[in-house]
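Student: Got a minute to go through a structure with me? I'd like to look at the domains and then the cysteines.

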Amino acid sequence: MESTIRRIQINTQHLLSNNDCSSDIDPQYLEIKQSFDANALNKYLFPYEPELKESLTTFWKNEKFMLQPTFGLSLEQDRELTFKQFKRLMELALKHFRLVDLERNPKKIAVFTQGYRFQNTSVTTLMGVHFSLFGASIVFLGSEEQRKKYIEKVEKLEIVGCFSLTELGHGSNVQSIETIAEYDHDKEEFIINSPTVTSQKYFIGGSAKNATHTIVMAQLKVSGKMEGVHAFVAQIRNDDGTLVKGVDIRDCGVKMALNGVDNGRIMFKDLRIPRDQLLNKFGGVNKAGIYTSPINPANKRFANTIGALVLGRYIVSIGSVAFNSVGLTTAIRYSFSRKQFQGSDPKHEKQLISYSSHRKRLIPHLANTYATHFSNNYLLDLLSEKEKKEKEIHILASALKAYSSWSTRDCLQECRESCGGQGFLSENLIGNFKSETEIYTTFEGDNILLYQQVAKFMLSESRKNPPSEYQQPSNEQKQRFDKNYIRSFEFLSSALNSRLNQTIQYVTEKLSDSVSEGSAIMDAWNDNGTYIVRLGVAYTEKTILDKFIAGVMNYPDENTRNALKLLVSLYALNIIDRDNWFLKYQFISPEQSESISIQILELCKDIVPFSISLTDALGFDHEKLGPIAGDWISKNKF
C-alpha cells in the first residue's frame, strides 16, 4: 500500500512538473525547423584544421565519381570501382597532408576522415588498410632510414600495402601467432614461413587482388632464439601482378558486406626478404647477426609494437560517430515527415516523432553519439600532444573503440527498424551502413578483450590509488525524485563514479578470493571475466560522461547549451536505468528508479524540438543522404 501511494506521489509530481516542461510539442504537427544555430555548434564540435575542413566540404559538394555507390554490382565490378575510388582518395589526401602527419599532426587525419561522404564504405576500409595500418607501421615502427625508403612510395601508390597480422588460428592472441621469420646470417635475409594451416594470414584486406606489399607480423627467430613478434615489410606481388616466389594467396570470397575490399588469405613458404626489411625501431638484427633492442623484456617490446598502432582504434570511434550521424539524421527527419494512425483529430494522422515509443528508439542514440564525440575530441587532443601520455591514450582508445562500435551496431539497427521498409532500401544508406559497420565490433580488437584491457589498467591503478569505500546515499537523498535532482549533473556523476569505485573493489575481491582458493592467476581472471568486462564498461561510461559534461558546459550560447544538457542527462539516465547495479547496491530507491524511467521518456520528448538542429550540427547535409531524409514523396512519383 505504501509503495502504491509513493508511486502516485511520483506521478503527481511528474505531472505538475510538466507545466514548465521545456518542450512545446503540438500533438498534431511538429515542424522541421532550426531551434538554434547548427552551424555554430558544428564549428564547436569540429574545431580542428578549419581551412582543411572547408576545403573538403567544397570538394564533396562538387564531387560525383567518389560518391558513386556499388549497389547491385558484381563482386569484380564492386572491387574495380572501389579501387579506382581509393586511388582518387589517395590523390585527394596528398593535397592536404603526408603519411608522417599520423605522428606529427593527427588532427589533419581526423578532419580528413570526418570529411568522408562516401556511399561506398569499402573505399574508406582500403584507405585505412593502406594508410593507417601499412603506412602507419612504417611511420611508427620503422627507423628514419626505413621511412625515407618507403613513405613516398606509399603516398604515391608505387606500393599498395596491406597488413598481415590475423591468422586462421590466432586473432586476438597476437603474441601466439605461428608465422616465423628466421634470420639467415650467411645471406643476411629473413626466411618467412607459415608452418601450419592455422598459421596462414587470414582475412587480410587488400591482399586478394591489389596489394603489392604487406606488413607481416611474425615470430622473430635469431640463432635459434625466439625474440617475439616483429613487423616485416614484404613484397608479395611482382610488377606484372604475379605472386612473388614463396607467397601463395587465395581469395576469402564474398562477405556479408564490404565486398569492395579484396580480403585474402596468405601462406608463406621460404619467402626471403633482406635484413633491412625488419622494421627495427624497437629491435633489429645487426650485420654481425646479433639481435638488439632498446626495450626488454619481449612482452614489453610487444606492447610498444602494438601500442604504436593505436590510431586505428580512434579512427573506428570517429567513424562510428559519422555512421550514427547519417542514420540519425535520416531517421529523425523521416520521423517528422512520415505519419501513421489518427490522434485526437480523426482527420489527421500523427507524425512518427509524436509517438513516445518512437522517440525512445532514436533520441537516446543521439545522446550517445554526442557523448562519444566529445570523448573522441579529448583523445585527439592527447594524440596531438608532443609529450604523449601513452598509457592514457592506449586505454581510452581501447575503451572508445569498444563502446562506439557497439553503440553504432545498436543505433543503426534502431534507425533501420524505425524507418520500416524504407530503412531496408540501399538508397537510404542505413541498412548498407549497418551491415558495413558490423566489422567494427571485431577488427582493431575484440570488444570483450578491449574492455578487459581497460579493466586491467583500472585494477593496476587502484593498487596505487585505492578508490574510496562505497557508501550508499542517505535516505534523504534516495527520497528525492524530482526532475531537477534526477537530471542534475551532480547526481549523475556521483552515480557513475560510485558504480566504478564499488566495481573496482568488487572485482579485486573476486580475483583475490579465486587465487586464495587455489586458482592460477589466469584461471581466476577467466572465471571472473564477466565482472571484469563490467568494470571496463563502468570506467568507459564514467569517462565519457566526464568529457561530455566538460564539453557541454564550455559552450557559449545558453539556448544551445541547454539543449546539450538535456542530452547529457539522457545519456547518463539511460545507463542507470539499464544497469541493475544502482538498485542492487541501493544507490537509488525503487521510487527513484521509477522516476528515472519517466524522466527518460520526458527527456526524449524535451529534445525533439532541438533534434533537427542537433543532427544538422553533426555535419551531414540531409539533401545528400537518402530520399527519406528529404522530400521522399516527390522522389516516389511515377
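Tutor: Let's take the domains, then the cysteines. This is a predicted model: local features need pLDDT of at least 70, side-chain atom pairs count only at pLDDT 80 or more, and totals for chains, interfaces and linings use all residues. Residues are numbered from 1 along each chain as its sequence is written, and side-chain values use heavy atoms, with hydrogens and water left out.

Student: How is the protein divided?

Tutor: Into domain 1 (161-298) and domain 2 (310-638). The bounds come from an automatic or database domain assignment. Their centres, taken over C-alpha atoms, are 38 Å apart.

Student: How many residues are in contact between them?

Tutor: Five residues of domain 1 touch six of domain 2, with contact meaning heavy atoms within 4.5 Å.

Student: And how much area do they bury?

Tutor: About 420 Å², 79% of it on carbon and sulfur atoms. That is accessible area (1.4 Å probe) lost on putting the two parts together, summed over both. S172, M256 and L258 supply 75% of what domain 1 buries against domain 2.

Student: How many salt bridges cross the interface?

Tutor: Zero. The rule wants a side-chain nitrogen of Lys or Arg within 4 Å of a carboxyl oxygen of Asp or Glu.

Student: Switching to cysteines. How many disulfides?

Tutor: Zero; the cut-off is a pair of cysteine sulfur atoms within 2.5 Å.

Student: Why is C162 not bonded to C252?

Tutor: Because the C252 sulfur, the closest cysteine sulfur to that of C162, is 11 Å away, too far for a bond.

Student: What about C411?

Tutor: No disulfide there either; the nearest cysteine sulfur, in C415, is 4.0 Å away.

Student: Is C411 buried or exposed?

Tutor: Buried, at 0% relative accessibility. Buried means under 20% relative accessible area, exposed over 50%, partly exposed in between (1.4 Å probe, protein chains only).
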